[in-house]
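Biologist: I am new to reading structures, and I learn best by staying with one region. Please take a close look at a single part with me, and explain each term as you go.

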Amino acid sequence: MAEIAQGGGGHGDKKVRSKKASTRVDMTPMVDLGFLLITFFILATTLSKPSSMSVAVPDKQTDVKNQETEPLKASKVLTLFLGKDNTVWALDRIAADDDKAKTDLKKVSYGPDLRTLIFQSQAQVDREHGKDDKGLSQFVCVIKPLKSSTYKNMVDALDEMAVTKSKRYALVDALTDKEKDLLGDKAN
Amino acid sequence: MPALKPKRNYPMMDMTAMCDVAFLLLTFFILTAQFKSQDAATIETPSSISAIKVPDKDIMIISIGKDGKVYFGVDNPATRVAMLENISQTEGVQFTDKQKKIFSLQANFGVPIRGLSQWLQVGATTPDKLKEINQPGIPTDSTAQNELAKWIYQARRANSGLRIAIKGDNVAKFPVFKDVMGSLQAQNINKFNLITGTEAPPQGWKAD
């Protein structure tokens, strides 16, 4: 198959015949090699570059007691407790110490359910309170991952904030006593 | 009369075009290649719609494995050595040049400072065995023994421009992440990145 015809050497020949030099090179081994290397590079590289989500947390060092902070109105807040087995317990615009909190605590799952809930709550807050003086929504989402929740749950919840464009959200890990009472054994 | 020889006719195919394609693809893959680094543990990250890419250089990655073990890694080998020397000074642990060399080759590690010398010695004598050793993870829990905080501090001393990224596994529990976050916050690091996979945003969603 692989023939590189060497034309030319016709000195000894009696009949001088101009031989047509065929310069066909068999490419098969070269193609083999090419694809072998391609396979290697495909397998050895990472194609999809991971993306990153930036998180900014409030400064712990500053003395909070000296700062005057306005308490949040419960009617503007959606609290999400991230529990075990991929469930979320949501308190929609109601404080944990409210009498109705126990019956109002909703169980939602990640994905469309959670998204719908956030959108609903957002729309409701916007209707009741309107925009603030900077023209932003007054809706606040508090994410409280419980001990049994996983890292994925937290990332999902934060991602949901990006999807629903909720600008004001907080990641809080401590539960208040009222919340502990409310959640009971779900808090573990 | 010579015996009638059937004329063999090999089907010849022109491979030139195929060869061209193969090498074109090869060139593409070589140029876009980013080699997988040898990590101490495989971590499956959750995905998010975030479109920010993880920076290539000047980055420290704190990984949380699925069993809650914490691993630490810096991208640049020179920074790794400088960081190790800083730790060696403050903790009073000595390392040989060979051990430092081995350390500079590790993308990340999860060994407590006390066991580090022994672990690196394995790498110095029998390099193949190093991968097989089960790494216990870096202690993060109590404040006195928070070695992760020490590593972060020394890494930033070695290279002050380091960005911080946390790479957690899907099933890692939240309290481990909280400890890691606590170590960062204790040093006034309040902004960091979470490394996630990429996921398509829902239809009609636009970034603003």
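Modeller: Happily; here is a walk around the helices of one chain and a loop beside them.

This is a predicted model, in which local features need pLDDT of at least 70 and side-chain atom pairs count only at pLDDT 80 or more, while totals for chains, interfaces and linings use all residues. Residues are numbered from 1 along each chain as its sequence is written, and chains are lettered from A and ligands numbered from 1 in the order in which they are written.

Let's begin with a pair in chain B: helix α2 (residues 77–91) and helix α3 (residues 97–104). Helices (H or I, at least four residues) and strands (E, at least two) are DSSP runs, numbered from the N terminus. The axes of α2(B) and α3(B) are 8 Å apart, and the angle between them is about 135°. That makes the pair oblique, the word for angles that are not under 35 degrees (roughly parallel), over 145 (roughly antiparallel) or 65 to 115 (roughly perpendicular). Such axes are lines fitted to C-alpha atoms, for helices over the stretch in contact, with angles from 0 to 180 degrees between N-to-C directions. The crossing is right-handed: the near helix is turned clockwise from the far one by less than a right angle.

Which residues meet here? On α2(B) they are P77(B), R80(B), V81(B) and L84(B); on α3(B), K100(B), F103(B) and S104(B). Contact means that C-beta atoms, placed from the backbone, lie within 7 Å. By class, this contact has 4 nonpolar, 1 polar and 2 charged residues. Nonpolar covers Ala, Val, Leu, Ile, Met, Phe, Trp, Tyr, Cys and Pro, charged covers Asp, Glu, Lys and Arg, and the others, Gly among them, are polar.

Now turn to α5(B), residues 147–158. Its buried residues are E147(B), L148(B), A149(B), W151(B), I152(B), A155(B) and A158(B). Buried means 20 or more other C-beta atoms within 10 Å, exposed means 12 or fewer, and partly exposed is in between. The cover over those buried residues includes β3 (59–64), β4 (70–74), α2, α4 (113–125) and α6 (174–185) of chain B, so our earlier helix α2(B) helps here.

Finally, follow α6(B) into the loop that leads to β6 (191–198), where N188(B) sits. N188(B) has a positive phi of about 65°, although it is not a glycine. Most residues other than glycine have a negative phi. N188(B) is exposed, with 10 other C-beta atoms within 10 Å.

Key:
Contact = placed C-beta atoms within 7 Å. Expected span 1.5 Å × (residues − 1).
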